[in-house]
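Let's walk through this fold strand by strand, starting from one pair of facing residues and working outwards. Keep the structure open next to the text as you read.

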Amino acid sequence: MQASYDQQLTKITLSPPDQLNPPPVDLKKVIETRTSVRNYSSHPLTLFELTYLLWSTQGVKKNLSGKATFRTVPSAGARHAVETYILINRVSSLAPGIYRYLALEHSLLEISDDQDCSDKITKGGLEQEMIRNSAATFIWVAIPYRMTWRYQERGYRYLFLDAGHVCQNLYLSALQLNCGVCAIAAFDDDKLNYYLNLDGKSQFVIYMASVGKLS
Ligand SMILES: Cc1cc2nc3c(=O)[nH]c(=O)nc-3n(C[C@H](O)[C@H](O)[C@H](O)COP(=O)(O)O)c2cc1C
């Protein structure tokens, strides 16, 4: 399950999960110290760090012959109805812009290098400054049909629950990299959907989270 994409767009292959070896941490300490962080240092994230965060939030561990995937996060019926878009402001060796994580291919797709993308996403996020100041802001997009063909109306409930699991993994894995995260659900749906070319029905922004190095 991965939304189709324009094959002409630039694709960046990411380091494979078995090469991602972040420093070991005490999970209890991480859970205890987790808090929402809205101010970040000006240091960029490395591409390795971003890759680790993408893998932690959507990484595919097992692909059952195209029928279902098992990932680093749980999902109702293993439907995984969320796609990850990401605003890049400050990640070494990546140009600022909007990207999409292709979970099945473990690669990044460059969607837009619009110079104003950070301002536009911040505007869509009701001018919450941590978006503009983040090293990157994750933008999770729900594709309800992946849930509703199986669970009908109840599938909508599962979309929101799934998104919560994804964001929690970001909070925890970011701390491992000395990064802070702030979940964001106060945003203008229409503005963000329009900017990301989503129709707001078959695909819509469900949740976001800013991330950056701790100061
Ligand atoms: C569903 C959800 C939506 C949130 N939306 C925002 C938001 O739009 N802006 C913001 O600054 N914080 C947002 N937060 C962060 C909460 O304000 C924060 O988790 C809460 O104040 C508790 O603080 P803590 O995370 O440090 O424990 C959101 C958190 C959740 C779980």
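Find Y99 first: its bridge partner in β6 is E110. This is a predicted model, so take what follows as a reading of that prediction. Another pair on the same two strands is I98, whose bridge partner in β6 is S112. Overall, β5 (residues 97-102) and β6 (residues 107-112) pair in the antiparallel sense, with five bridges between them. The two strands make a hairpin with four residues in between, and in that turn H106 has a positive phi of about 45 degrees.

How enclosed is β5, and why? Five of its six residues are buried, so the rest of the structure largely encloses this strand.

On to the other partner of β5. Strand β4 runs antiparallel to β5, and five bridges join them. β4 also pairs with β7, again in the antiparallel sense, this time over seven bridges. Here are some of the facing residues to click on:

| Residue | Stands opposite | Strand of the facing residue |
|---|---|---|
| T84 | Y101 | β5 |
| I88 | G97 | β5 |
| L87 | T137 | β7 |

Which way do the β4 side chains point? V82, T84, I86 and I88 go one way, while E83, Y85 and L87 go the other, and all of them are buried. That fits a general pattern: in a regular strand, side chains alternate between the two faces of the sheet. Put as a count, seven of the seven β4 residues are buried, so the strand is mostly covered.

Now zoom out to the sheet. It is open and has seven strands, in the order β1-β6-β5-β4-β7-β9-β8, with antiparallel pairing. β1 (11-13) and β8 (179-184) sit at the edges with a single partner strand each, so one side of each has no neighbour in the sheet. From one strand to the next, the twist averages 25 degrees.

Two helices are worth a look against this sheet. Helix α3 (residues 117-124) packs on it, touching β4 (82-88), β5, β6 and β7 (136-142), and its direction makes about 125 degrees with that of β4. Helix α6 (residues 154-176) lies across β4, β7, β8 and β9 (204-213), running at about 5 degrees to β9.

What about the nonpolar core? The largest one has 61 residues, and A136, W140, V141, L170 and V211 have the most contacts inside it. Its largest share comes from α6, which supplies nine residues. As a general point, nonpolar side chains tend to be buried together in soluble globular proteins. To see one core residue up close, pick V211: leaving out residues up to four places away in sequence, V211 touches L53, S134, A135, A136, F138, L170, A174, C179 and V181.

Last stop, the ligand. Which residues are around it? They are T35, S36, R38, Q128, C182, A183, I184, A185 and A186. By class, this shell has five nonpolar, three polar and one charged residues.

How values were computed
Residues numbered from 1 in each chain as written. Predicted model: local features only at pLDDT ≥ 70, side-chain atom pairs only at ≥ 80, totals over all residues. Pairing = 2+ DSSP bridges. Axes fitted to C-alpha atoms, helices over the stretch in contact; angles between N-to-C directions. Contact = placed C-beta atoms within 7 Å. Near = placed C-beta within 6 Å. Nonpolar A, V, L, I, M, F, W, Y, C, P; charged D, E, K, R; others polar. Core = buried A, V, L, I, M, F, W, Y, C linked by C-beta atoms within 7 Å. Buried ≥ 20, exposed ≤ 12 C-beta atoms within 10 Å, placed from the backbone.
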